[in-house]
Amino acid sequence: MQHFDLCIIGSGSGNSLIDERLDDQTIALVDDGRWFGGTCLNAGCIPTKMLALPADVCRTPELGARVNVAVDPPRVDWPGLRDRVFGRTDGISQAGERWREQASNVTLFRETAEFVGEKTLRVGEETITADQFVLAAGSRP
């Protein structure tokens, strides 16, 4: 059984807590393996914002008509748009995960976890303990 000074559950906002102030602590970073970086990076805020500009551009013909300008109907290259969005977010997620894996004071666990006792967490088949826990796993079960 491994023991840590701090266990952070969630690699989105929880991941951002780990900085040089914690260099002298052992840290377990636990995330369920679905994606590294949380919802905002992978399926929420960032991809949505990257889709907003193309959506605004598609409205150009409508806006042009208001000022007597005709523009051909827009055409969307959906595979290209998808690849641009997720090519960017997937790269950030993968680089962030590699960076955390290389940190000397951080142990990354990429499995579902559950509390099984006081300050005790089962992560996959392993049981870990920590002095403190941060729950940053999002708002959905």
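Helices here are DSSP runs of H or I with at least four residues, numbered from the N terminus. Keep that handy, and remember that this is a predicted model.

**Exercise 1. Work out which helices line the second largest pocket, and what class of residue they meet there.**

Step 1: start with the size. The second largest pocket comes out at about 190 Å³.

Step 2: list the lining. Leu-51, Pro-54, Ala-55, Val-57, Cys-58, Pro-74, Arg-75, Val-76, Asp-77, Trp-78 and Leu-81 make it up.

Step 3: map those residues onto helices. Helix H2 (45-58) and helix H4 (78-102) each put in at least two residues. H2 has the largest share, with five residues.

Step 4: sort by class. You get nine nonpolar residues, two charged ones and no polar ones.

**Exercise 2. Find how many disulfides the structure holds, and say whether Cys-7 and Cys-58 are buried or exposed.**

Step 1: recall the chemistry. A disulfide covalently links the sulfur atoms of two cysteines.

Step 2: apply the cut-off. A pair of cysteine sulfurs has to sit within 2.5 Å to count. The structure holds zero disulfides.

Step 3: check the surroundings of each cysteine. Cys-7 has a relative accessible area of 0%, so it is buried. Cys-58 comes in at 31%, so that one is partly exposed. Cys-58 also turns up in the lining of the second largest pocket.

**Exercise 3. Take the largest nonpolar core apart: which residues, which strands?**

Step 1: collect the members. There are ten: Phe-4, Cys-7, Ile-9, Ala-28, Val-30, Phe-109, Leu-121, Val-123, Ile-128 and Ala-130.

Step 2: assign them to elements. Strands E1 (2-9), E2 (27-30), E5 (120-123) and E6 (126-135) are the ones giving two or more residues. E1 gives the most, with three.

Step 3: zoom in on Val-30. Leaving out residues up to four places away in sequence, Val-30 touches Cys-7, Ile-9, Phe-109, Leu-121, Val-123 and Ile-128, among others. Its contacts also include Ile-8, Gly-10 and Glu-111.

Step 4: look for another core. A second, separate one has nine residues, including Ile-8, Leu-22, Ile-27 and Phe-36.

**Exercise 4. Place Gly-138, and say how many Å separate its C-alpha atom from that of Gly-38.**

Step 1: locate the residue. Gly-138 lies in the segment after E6.

Step 2: check its accessibility. At 68% relative accessible area, Gly-138 clears the 50% mark, so call it exposed.

Step 3: compare sequence and space. Gly-138 and Gly-38 are 100 residues apart along the chain, while their C-alpha atoms are separated by 8.0 Å.

Note on methods:
Residues numbered from 1 in each chain as written. Predicted model: local features only at pLDDT ≥ 70, side-chain atom pairs only at ≥ 80, totals over all residues. Heavy atoms only, no water. Buried < 20%, exposed > 50% of the residue type's maximum accessible area, 1.4 Å probe, protein only. Core = buried A, V, L, I, M, F, W, Y, C linked by side-chain atoms within 4.5 Å. Contact = heavy atoms within 4.5 Å. 1 Å grid on protein atoms, 1.4 Å probe; cavity = no way out; pocket = protein on both sides within 12 Å on 5 of 7 lines; lining within 4 Å. Points joined across faces, edges and corners; volume = space filled by probe spheres on them. Nonpolar A, V, L, I, M, F, W, Y, C, P; charged D, E, K, R; others polar.
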